[in-house]
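Colleague: Thanks for sitting down with me over this one. Could you show me the model, and then we can go through it together?

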Amino acid sequence: MESAKNYFDYAAATPLLPEVLVSMEPYLKDKFYNASGLYLGAKTNYQAIVEARHVIARGLGAKPTEIVFTAGGSEANNLAIRGIMESYPSSNMIVSSIEHESVLRPSNLFATKTVKVDKQGVVKLDDLKSKIDKKTVLVSIMYANNEIGSIQPIRKIAKLIKEIRQSRESKGNQTPIYLHSDACQAGNFLDMQVFKLGVDLLTINSGKIYGPKQCGALYVKTGLILKPLIFGGGQEWGLRSGTENIANIVGFATAWQKVRSNYHEEAERLTIIRDNFISKNLTPVVFQLNGPKSTNRLANNIHITIDGKDNEIMAMVLDEKGFQVAIGSACSASSEEPSHVLKAIGLTDEQARSSLRITLGFYTTDKSLENLGKTLNKLVAPN
Ligand SMILES: Cc1ncc(COP(=O)(O)O)c(C=O)c1O
């Protein structure tokens with residue numbers, strides 16, 4: 001794709017794959033029917049949703065009845081948090097200090113404790129353990145961070161929560177404890193089998209995996225009861241009322257199938273070209289790499305601080321030269337504040353304002369990275 005040649009902001013948005021668009025088109029044209037209708041065309045559309053739900057569920061190792069389609073990652077995160085916490089008014093929940101705003105904002109509506117991360121942006125398990133008390137009902141820790149790409153130890157967290165659950169049960173404490181993970185950034189690269197991860201709720205996002213935006217899903221483990229955010233006609237098991245966006249749902253399933261069928265290979269490819277780019281172009285004295293070194297980091301993520309350089313100016317100059325990158329506070333519509341994620345890993349406000357996020361994807365090649373590397377080095381070269 002020519003327009004994506006020098007695009008380095010895949011964590012913000014991924015281009016729609018051609019086959020995704022093809023799968024969506026009929027539902028934007030002739031097959032416009034409301035899936036709740038009783039005529040054949042409507043029933044066929046309903047069937048398309050059923051099939052899409054199966055595709056997503058299969059990839060997660062879940063049951064179709066455990067999938068709730070939403071209008072994106074933010075809505076799924078809100079549904080998970082408010083859906084649980086509104087049923088337990090005198091309880092508390094826990095989040096990490098590097099969650100996306102769509103987790104942090106709804107968590108602020110409830111009593112919430114914040115778990116620290118280490119300098120690489122990985123949750124401190126000891127801190128998490130010490131913060132869970134007998135009233136904790138929900139722990140929400142993202143699978144992978146959207147700014148610095150740090151991958152969180154979800155299986156270890158799930159194990160801890162399982163032990164707490166068992167201990168509560170043995171003491172006759174009826175308070176449940178659930179684990180939610182925002183996996184919006186994980187879909188292209190990581191294992192997503194919910195039974196292996198041990199999560200009770202998982203947010204996934206179509207717009208980050210080459211599917212349409214404003215589409216995503218929440219995995220909700222069987223037996224878990226959520227309060228809906230949106231009431232109405234009772235679609236999506238009564239958890240997300242409103243006429244289904246069939247084109248988006250079908251496109252999401254097409255993208256999911258494509259991406260999940262070779263995520264290992266793509267992760268490997270990007271890791272190689274990314275590490276090559278870093279070692280060839282990013283001299284440590286000039287470019288400080290933020291986040292984990294290699295293993296605990298998303299394959300497509302590069303996050304750097306260039307001391308003394310204003311990131312907004314750098315991003316604009318790069319844009320003029322045809323390269324699209326993100327600044328520290330990307331992923332929110334507007335924010336004057338330096339990124340809370342960068343501050344959580346110990347960067348000063350000034351360093352946060354001198355940081356760039358470069359994220360790679362399907363159309364990134366060695367060549368495109370080489371061009372970016374040359375341009376970046378010219379930018380930082382003393383005049
Ligand atoms: C980790 C994470 N969670 C949630 C979201 C929100 O997703 P959406 O914009 O689809 O609502 C994003 C989007 O950038 C994200 O990166």
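**Around the ligand**

Modeller: Happy to; keep in mind that this is a predicted model. Let me start in the ligand site, where a side-chain N or O atom of Gln-185 is 2.8 Å from an oxygen atom of the ligand.

Colleague: Which ligand atom, nitrogen or oxygen, is 2.6 Å from the side chain of Asp-182?

Modeller: Asp-182 and Gln-185 are both among the residues that come nearest to the ligand. Gln-185 has an oxygen atom of the ligand as its partner. For the side chain of Asp-182, the ligand atom at 2.6 Å is a nitrogen.

Colleague: How far is the polar side-chain atom of Lys-208 from an oxygen atom of the ligand?

Modeller: Lys-208 belongs to the group that comes nearest, together with Ser-74, Asp-182, Gln-185 and Asn-205, out of 14 residues around the ligand. Its polar side-chain atom and the ligand oxygen are separated by 2.6 Å.

Colleague: And how much of the ligand's exposed area does the protein bury?

Modeller: The starting point is the ligand taken alone, which exposes 390 Å². Of that area, the protein buries 85%.

**The sheet of seven strands**

Colleague: Moving outwards, which strands are at the edges of the sheet of seven?

Modeller: The sheet is open, its pairing is mixed, and its order reads E1-E7-E6-E5-E4-E2-E3. An edge strand here pairs on one side only, and that picks out E1 (67–70) and E3 (112–115).

Colleague: What is the average twist from one strand to the next?

Modeller: This concerns the open sheet that runs from E1 to E3 in the order above. From each strand to the next, the twist averages 20 degrees.

Colleague: Which residue of E7 is the bridge partner of Phe-69?

Modeller: E1 pairs with E7 (residues 216–220) in the antiparallel sense, over four bridges. Phe-69 has its bridge partner in E7, and that partner is Ala-217.

Colleague: At about what angle does H8 run to E6?

Modeller: Two helices are worth setting side by side. H6 (residues 154–170) lies across E4 and E5, at about 165 degrees to E5. H8 (residues 246–261) lies across E1, E6 and E7, and its angle to E6 is about 95 degrees.

**A loop residue**

Colleague: Which residues does Thr-222 contact, leaving aside its neighbours within four places in sequence?

Modeller: Thr-222 sits in the loop between E7 and H8. Its side chain makes a polar contact of 3.4 Å with that of Lys-63, and another of 2.6 Å with that of Glu-66. Beyond those sequence neighbours, its contacts are Lys-63 and Glu-66.

**The sheet of four strands**

Colleague: Why does E10 have one side without a neighbour in its sheet?

Modeller: This open sheet has the order E8-E9-E11-E10, with antiparallel pairing. Both E8 (288–289) and E10 (326–327) stand at its edges with a single partner strand, so one side of each has no neighbour in the sheet. Two bridges join E10 to its antiparallel partner, E11.

Colleague: Which helix packs on that sheet, touching E10 and E11?

Modeller: E10 and E11 are linked by bridges, and Ala-326 has Arg-357 as its partner in E11. The helix touching both strands makes about 40 degrees with the direction of E11, and it is H10.

**The whole chain**

Colleague: Last one: what is the radius of gyration of the chain?

Modeller: The chain holds 13 helices and 11 strands, and its C-alpha trace spans about 65 × 55 × 35 Å along the principal axes. A compact globule of 383 residues would have a value near 21 Å, and the chain agrees with that at 21 Å.

Notes:
Residues are numbered from 1 along each chain as its sequence is written. This is a predicted model: local features need pLDDT of at least 70, side-chain atom pairs count only at pLDDT 80 or more; totals for chains, interfaces and linings use all residues. Side-chain values use heavy atoms; hydrogens and water are left out. Two strands pair if DSSP finds at least two bridges between them. Contact means heavy atoms within 4.5 Å. Axes are lines fitted to C-alpha atoms, for helices over the stretch in contact, and angles run from 0 to 180 degrees between N-to-C directions. A residue is near a molecule or strand if one of its heavy atoms lies within 4 Å of it. A polar contact is a pair of N or O atoms within 3.5 Å; within protein, one must be able to donate a hydrogen and the other to accept it, and residues adjacent in sequence count only if both atoms are side-chain atoms. Accessible areas come from the Shrake-Rupley method with a 1.4 Å probe; for residues, only the protein chains shown count as cover. The radius of gyration is taken over C-alpha atoms; the globule rule is 2.2 Å times the number of residues to the power 0.38.
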